[in-house]
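Student: Before I rely on any of the labels attached to this structure, I would like to see how each one is justified. Could we go through them one at a time?

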Amino acid sequence: MNMFRFRTIKKRLLTGVFLACALSYVFCGFVVTYLAEKNVRDDFNKLAQEYAVGVQARINDKILAPAKEDVAMLAGDKRTEVLVTKLGSDFNNRMPGTMEEQDIQHLLAFIKTHDKVLGAAIASEEGGYLPYTYVPNVGHFDPRVRSWYKAAMANPGKPVLSDPYMQIGNRMVLAVSQTVGSIDKPVGVIVWGWSLDTLTQELNSKKIGKTGYVMLLNENDKIVISPTRAEWLLKTPAELNMPELSKLESAHGQIRKISLEGTEKLAYINVDPTTGWKALCLIDSAELTAEVRRLLLAIWLVFGLSVLAVFLLVTWVATDITRPITDLASCTRTVAKGEFPEGILSLREDELGMLSRSFNHMVNELAAAAREQKQYRQTLEEKERQFRLLAENAADVIYLYRFKPERKLEYVSPSVAAVTGYSPEEYYVDRRLLSKVVHPEDLIQVKAHLANLLVHGTVLTSFRVFRRDGSIIWVEQKCVPVFDEAGAIIALEGIIRDVTERKKMEDEFYRLDRLNVVGQMAANIAHEIRNPMAVVRGYLQYISRKRDFAKYKEQFQMMTDELDRANHIITEYLSLSKHGFVDFKTACLNNVIEAISPLLQAEAAGLEKSITLDLENISDLYMDEKQIRQLLLNLVRNALEASPQGGVVTIRTYEDNGDVVLSVQDQGEEIPPDVMEKLGTPFFTTKEQGTGLGLPVCYRIADSHHGVIQVKTGSNGSHFDVRFSVAAVL
């Protein structure tokens, strides 16, 4: 909605008027459109209803009723019954001059007085047939199978209608028939052919607009009159594949929209409840739409001009009202700058003048108050800025936890999100989150320290915390109690600091210190132990060569091997010492790996395992090649021992963020957490014959090359990554 936030009342007023006019314009447009369409539809409905009802009345009063009366009168005439009885089974299709005039005299007289009658015929139960007038080229047929005969026999004693038929010359004829003789035992049927020419002409002349017309369907849905399509006559909508016309019978007295031969039309149907005949009025929808558009054009034009006139009038009024308000706003901005001159406004003699005088009085009062508040506000702003800078930008977490009147975290600084991963709002919403993030093993300790607040006053404790991402960090908390007047603790104020890196450094210093102690011990005693061991080994070799001791050769060899093993352990001790000779020079780590690769491959093949090299282009390092070979040998041997038979050890080098990384990956089992914590501790080993000095030597070598060892373990094996900083060692 920013587009409607105008800075002046005039713009807002004009915008509001414009929107109101536009919305009114659109709304009224819809209403007018609806009313115009409804009016046109109502006119069509009224005219169609008038035509349809008139057609039905015309059919009933001028055609069907007279036809039924005439047929009923002739059927009840005894002379007709005598004629049918005399006819018997004779099929008498003869010219009128050949008939016995006395037999059909009453029929001839009746036909001559009715110009709508196109012909008549009688048929007997024996199959006899006598037509009037003569129909040429008509072969013998059984009249009893004709629809008019069956319809009359199905309703004895009553005049009935049957489907119209087309006579020679394309004249539509309506057949009206009735049984002759008694109701219980009729002797035959008389049928009357009534002309529909007049009705057809009348319906053809009835026009509904330019495209509208009236169709007539009988009770069997056969089209009797179709002003536009003669080929539809005597066919049903189903036969013409026009199902929408068949469905209109249920919409008696209503307007429906249908599609007829690809043209959208409005249809109105009237069904006569007595005869079942249907008068159907149709008109193209496009004609009504065009009429609606003509009406709307005039209405929209008048309405649009009215809206334009209103908008112009409001523009003039808004300009007259907002001009003094604009002056007042300008003066207000002057006051907002701290300037308070007297008589800042030129007064008017109207409501705006009253506002101006009140504004001047307010300016005078504000000038006095501003002078008193200026210094005080400056002091408060400075203190507030300092406090905000301290609370919101401090790396430590500052908090206030209140016990009364209810236990809740009242405030925690935004830095808690950087420390724990949870925002202050999450701590406010979930009161149990404080206890959830504390490591379960440290929770009892934290509660115990808080319980000593009354004794010590200030509590400093360290414990572990779970971050949102699942990682664990160490924090140090210092808190002091807040007391009420009665001396009861009502709140805690404290600071929490992330000391994870300090903890890691302390652990690393402790580990290195142990390595240093072991190294110093190794340096002090190595020579003292090696000298007597060399003497003992020499005499063992000398004595073993004497013939008298030949039978003890295996025992002498075993003692010699054990002395060599002890000497190897002493060598590893010496490697922990800082005082060994080193030869640092610039070299490529890949060359060192490739040089020692045959030895490693041979050792792996002896264990039925293999080694894969994945060496990328890396920068040169400032290194002691002998120490790097020792580092690589120790890591690869550990990986070979950890991998299963047939396993693969991968040695990889690559650069990452300016560091050269040596990675040794095995396919062994995951390292347990308790073992991970003790990796690199001297004399700690999981091997039966291990000394616990291999990894400590690796850590010592990595440290002397300004490198760190990172260990990752999982179900697919373990990675020992040694990261050498190129910037630090070159």
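Tutor: Let us begin with a hairpin: in this predicted model, β12 is joined to β13 through five residues.

Student: What makes β12 and β13 count as paired strands?

Tutor: Two strands pair if there are at least two bridges between them, and β12 and β13 (residues 408-412) have four bridges in the antiparallel sense, so the requirement is met. Within this pairing, Arg402 stands opposite Lys408 of β13.

Student: Which other strand pairs with β12, and over how many bridges?

Tutor: Strand β16 (residues 489-498) pairs with β12 (residues 397-402) over six bridges, again in the antiparallel sense, and Tyr401 has Leu492 in β16 as its bridge partner.

Student: Why are β18 and β22 said to stand at the edges of their sheet?

Tutor: The sheet is open and mixed in its pairing, with five strands in the order β18-β20-β21-β23-β22. Both β18 (610-615) and β22 (707-714) have a single partner strand, so one side of each is left without a neighbour in the sheet. From one strand to the next, the twist averages 15°. The partner of β22 is β23 (residues 717-725), to which eight antiparallel bridges join it, and among the paired residues are Ile709 and Val722.

Student: How do you know that helices pack on this sheet, and which strands do they touch?

Tutor: Contact means heavy atoms within 4.5 Å. Helix α16 (residues 589-606) touches β18, β20, β21 and β23, and its direction makes about 165° with that of β18. Helix α19 (residues 694-704) touches β22 and β23, its direction lying at about 135° to that of β22.

Student: Why is Leu301 called exposed?

Tutor: Exposed means over 50% relative accessible area, and Leu301, which belongs to helix α7 (residues 285-336), has 53%, so the label applies. Together with Leu305, Leu308 and Leu312, Leu301 forms a nonpolar surface patch with about 420 Å² of accessible area.

Student: And why is Thr211 called partly exposed?

Tutor: Its relative accessibility is 30%, and because partly exposed covers the range between under 20% and over 50%, Thr211 falls into that class. Thr211 is in the loop between α5 (197-205) and β7 (213-217), and, leaving aside residues up to four places away in sequence, Thr211 touches Leu282, Ile283, Asp284 and Glu287. Although Thr211 and Asp284 are 73 residues apart along the chain, their C-alpha atoms are separated by 6.0 Å.

Notes. Residues are numbered from 1 along each chain as its sequence is written. This is a predicted model: local features need pLDDT of at least 70, side-chain atom pairs count only at pLDDT 80 or more; totals for chains, interfaces and linings use all residues. Side-chain values use heavy atoms; hydrogens and water are left out. Helices (H or I, at least four residues) and strands (E, at least two) are DSSP runs, numbered from the N terminus. Axes are lines fitted to C-alpha atoms, for helices over the stretch in contact, and angles run from 0 to 180 degrees between N-to-C directions. Patches are made of residues with over 30% relative accessible area and no salt bridge: like charges are joined within 9 Å, nonpolar side chains (Val, Leu, Ile, Met, Phe, Trp, Tyr) within 5 Å. Accessible areas come from the Shrake-Rupley method with a 1.4 Å probe; for residues, only the protein chains shown count as cover. A salt bridge is a side-chain nitrogen of Lys or Arg within 4 Å of a carboxyl oxygen of Asp or Glu. Buried means under 20% relative accessible area, exposed over 50%, partly exposed in between (1.4 Å probe, protein chains only).
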